[in-house]
Each structure stands twice: as C-alpha cells, then as structure tokens.
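Q: I have a model open and would like to practise reading its features one at a time. Could you walk me through it?

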Amino acid sequence: MIIITSQHYRNDKITESKKLELIDCSELVLTVYAVGFDDLYILHDGHHAREAALELGISVTYECIDHPAGLTGEDLLEQSRQDGDWYYIKTGDFVWR
C-alpha cells in the first residue's frame with residue numbers, strides 16, 4: 001500500500017491538540033481511498049493526527065474504504081487534490097515529477 005497526499009499545509013496548534021487526543025492511544029487508524037492503479041491510496045483526512053501520532057511514537061495504520069462518491073483514478077485525484085502536488089507520505093518525494 002503506497003499512500004499519497006497533496007496536503008502540504010500543517011498547523012502546529014492543530015497537531016498539538018491532536019497529541020492531547022492521542023496521548024493514551026497505542027494505534028491510530030486512518031482511512032484511505034484506493035486510486036485504482038499503481039497500488040496508490042490517498043490520505044484525504046487525518047494529516048495532523050498522523051503527524052501527532054508519529055511524534056508520540058504511536059503506530060499508524062491505514063484502512064481502505066470506497067470514496068463516498070465512488071470516485072477512482074483521475075477523477076479521484078482531481079477531486080481530492082488539496083494545496084499542492086501529490087507526494088508520498090512515507091518519503092516526502094513527489095509522485096509525478
């Protein structure tokens with residue numbers, strides 16, 4: 001499972017708030033959408049929670065769900081695009097450059 005996102009914006013106050021919510025957790029489960037090619041999955045929501053969990057040493061896992069509108073492929077990528085180019089969350093490298 002290769003997770004990508006196009007959200008680059010992070011707010012330190014939100015991350016700190018998420019840390020307080022996660023302090024007693026041993027695992028954070030985030031949902032992702034299957035793009036439908038290249039084993040790519042989109043993290044559309046949960047960026048601040050993910051960052052907080054990683055800073056706290058909490059395990060992050062991903063659960064694939066269908067997009068609410070049934071989107072896949074280019075339609076899903078276009079609809080899910082946020083504030084920048086797509087990148088791999090694991091490495092920070094851009095997907096299509």
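Q: Where is C25 found?
A: C25 sits in the loop that links α1 and β2. Keep in mind as we go that this is a predicted model.

Q: Is C25 buried, partly exposed or exposed?
A: Burial is read from relative accessible area, with under 20% called buried and over 50% exposed. C25 has 33% relative accessibility, so it counts as partly exposed.

Q: What separation do the C-alpha atoms of C25 and S59 have?
A: Here we set distance along the chain beside distance in space. C25 and S59 are 34 residues apart along the chain, while their C-alpha atoms are separated by 9.0 Å.

Q: On to the helix. Which residues of α1 are buried?
A: In α1, which spans residues 12-22, the buried ones are T15, K19 and L22. These residues lie on the same side of α1, because the arc they cover around the axis is only 75°.

Q: Which exposed residues does the face turned away from the buried side of α1 carry?
A: That face carries K13, L20 and E21, which are exposed.

Q: And what covers the buried residues of α1?
A: The cover includes strand β2 (27-34) and helix α2 (47-56).

Q: At the start of α1, what does a side-chain oxygen of N11 reach?
A: Look for the backbone nitrogen of K13: the N11 oxygen comes to within 2.8 Å of this atom. K13 thus appears twice in our tour, as it is also one of the exposed residues on the face turned away from the buried side.

Q: Now a histidine. Where does H67 lie, and is it buried or exposed?
A: H67 belongs to the loop between β4 (59-65) and α3 (73-80). With a relative accessibility of 13%, H67 counts as buried.

Q: Which residues is H67 in contact with, leaving aside neighbours within four places in sequence?
A: With those neighbours set aside, H67 contacts Y33, L76 and Q79. Within its own stretch of chain, a polar atom of the H67 side chain lies 3.0 Å from the backbone nitrogen of A69.

Q: Last, backbone angles. What is phi of D38 and of D39?
A: For this we check the sign of phi and the residue type. Phi of D38 is near 55°, a positive value in a residue other than glycine. Phi of D39 is likewise near 55°, again positive in a non-glycine residue.

Q: Where are D38 and D39 found, and how exposed is each?
A: D38 is in the loop between β2 and β3 (40-42), and D39 is in the loop between β2 and β3 as well. D38 counts as exposed at 56% relative accessibility, whereas D39 is partly exposed, with a relative accessible area of 42%.

Technical notes. Residues numbered from 1 in each chain as written. Predicted model: local features only at pLDDT ≥ 70, side-chain atom pairs only at ≥ 80, totals over all residues. Heavy atoms only, no water. Buried < 20%, exposed > 50% of the residue type's maximum accessible area, 1.4 Å probe, protein only. Helix = DSSP H or I, 4+ residues; strand = E, 2+ residues; numbered from the N terminus. Arc of directions from axis to C-beta. Contact = heavy atoms within 4.5 Å. Polar contact = N/O pair within 3.5 Å; in protein donor to acceptor, adjacent residues only side chain to side chain.
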